[in-house]
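Colleague: I am new to this model and would like to know what its labels rest on. Please set each value against the rule behind it.

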Amino acid sequence: MTTPAEPLPESPSELPTPARVLAPLLRIPASRRHFRLPLPALAKEYGMSAPLVDELTGLGLPRRETPDGPLFDENDIASLSLHLRLPSARRAVMAFWLRALRRLTAPGAPPVHRVDVTVGCPEPGHDGVCRYEADLGDGGAGGVFETGPEPQRVLVSLTLQGAGRPRELPPILQELCEEFREVDYYLLPGDAAAEPDLLRRTGIADCVLMSRALVDAARARGIEARLSGGLLAAVPFSSTHTWAECRVDGVWLPVDPLLPKALAAWGVPGAELWSPTLAPVGLFHRLGGAPLRPVTHGGTPCGASLRTREEAPA
């Protein structure tokens, strides 16, 4: 496939410049952005210094001016922070994923994970009870929950059984991954995947857009494929994720060449353990066939903490 965006360097000695990292984002239509992130959050949450923000603004970083100061799109800022290897909570969580992958390659039985889906009211002080709806996929322990004003509450707990160990993808799926080797991972607005040509036009994708492209490409090759939404299980916090799965010789294998490439590009320590042609069996846990939005509060998506601990196999 061809992509118009110049691939970002993979070597740690070739760190991308702000201009190079920003360029693909500028190809996303302005109508897709949600300007809600205030200026102080760029330093506090994403490690961006004032001179860097000024440089990015001068390069055309989209923002909306308000009487209280400029507002930025959170996906833009998170993507820039990751590619420029700045300190952030999101980047710190990625080290847990690689530690979990290393645990899966160690001797012994695959681990069993217990995941507590914990929420806090995003609008404290409102009248009445908090009404949460948990969507945990096909057959998941979801449902509707009404609670009092507790600051933190465990809505539901999941047990994720070990499903095997990571393994190299078969050649037919390695060839599929090669087709997308020049795509770069950027966080995108939730409706970006509705644009079928966005990946081709920009050379970037998030996990949802990439997974859909992989499924389409696999089916075009005659490979049975499906979209999967679920959890990337890691102690002490798991993460929601979307990936493609392909069935070869009767076995469904997770296929995700984009995420390991991104971890290497973002300089996450230990990224060399996860190659783009590795099937992360046991790390990815499928809960359903669509991207998950685990918890809403009164119909509005809200943050949920996926605190995770390892349990002894039964």
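Modeller: The largest cavity holds about 50 Å³ of space. The model is predicted, and the values are computed from it.

Colleague: What makes this a cavity rather than a pocket?
Modeller: The space is called a cavity because a 1.4 Å probe fits there but cannot get out, whereas a pocket is an open set of points.

Colleague: How many cavities does the rule give?
Modeller: Three cavities of 30 Å³ or more are counted. The largest, at about 50 Å³, and the second largest, at about 40 Å³, both satisfy that cut-off.

Colleague: Which residues line the largest cavity?
Modeller: The lining is made of L25, I28, R32, R33, D73, N75, D76, L187, L188 and P189. Each belongs there because it has an atom within 4 Å of a cavity point.

Colleague: How do you know the class of each residue in that lining?
Modeller: Leu, Ile and Pro count as nonpolar, so L25, I28, L187, L188 and P189 make up the five nonpolar residues. Arg and Asp count as charged, so R32, R33, D73 and D76 are the four charged ones. N75 is left as the one polar residue.

Colleague: Which element gives the most to the lining of the second largest cavity?
Modeller: Helix α8 does, with four residues. β11 (239-248) and α9 (258-265) also give two or more residues each. The lining includes C207, M210, S211 and L214, and also H241, T242, L258 and L259. By class, it has seven nonpolar, three polar and one charged residues.

Colleague: What makes the largest pocket a pocket?
Modeller: The term applies because its points form an open set with protein on both sides within 12 Å along at least five of seven lines. Its volume is about 1900 Å³. Of the 49 lining residues, E74, N75, R90, L187 and T240 are closest to the centre. Helix α5 contributes the largest share, five residues. The lining divides into 29 nonpolar, eleven polar and nine charged residues.

Colleague: How do you know that α1 and α4 pack, and at what angle?
Modeller: Helix packing is described by the angle between the axes and the distance between them. For α1 (residues 18-25) and α4 (residues 74-83), the angle is about 145° and the axes are 10 Å apart. V21, L22 and L25 of α1 are in contact with D76, S79, L80 and H83 of α4, where contact means heavy atoms within 4.5 Å. Those residues divide into four nonpolar, two polar and one charged. The crossing is right-handed.

Colleague: Why are β6 and β17 said to stand at the edges?
Modeller: The strand order of this open sheet is β6-β3-β17, with antiparallel pairing. β6 (153-160) and β17 (304-311) each have a single partner strand, so one side of each lacks a neighbour in the sheet. On average, neighbouring strands are turned by 20° against each other, direction ignored.

Colleague: What makes β15 and β16 a pair?
Modeller: Pairing requires at least two bridges. β15 (residues 295-297) and β16 have two, in the antiparallel sense, so they meet the cut-off. H297 stands opposite T300 in β16. These strands belong to an open sheet of four strands in the order β5-β4-β15-β16.

Colleague: Over how many bridges do β3 and β17 pair?
Modeller: Over eight bridges, in the antiparallel sense, so that pair also satisfies the requirement of at least two. T118 stands opposite S305 in β17.

Key
Residues are numbered from 1 along each chain as its sequence is written. This is a predicted model: local features need pLDDT of at least 70, side-chain atom pairs count only at pLDDT 80 or more; totals for chains, interfaces and linings use all residues. Side-chain values use heavy atoms; hydrogens and water are left out. Axes are lines fitted to C-alpha atoms, for helices over the stretch in contact, and angles run from 0 to 180 degrees between N-to-C directions. A crossing is left-handed if the near helix is turned anticlockwise from the far one by less than a right angle, and right-handed if clockwise. Grid points are joined across faces, edges and corners, and a volume is the space filled by probe spheres set on the points.
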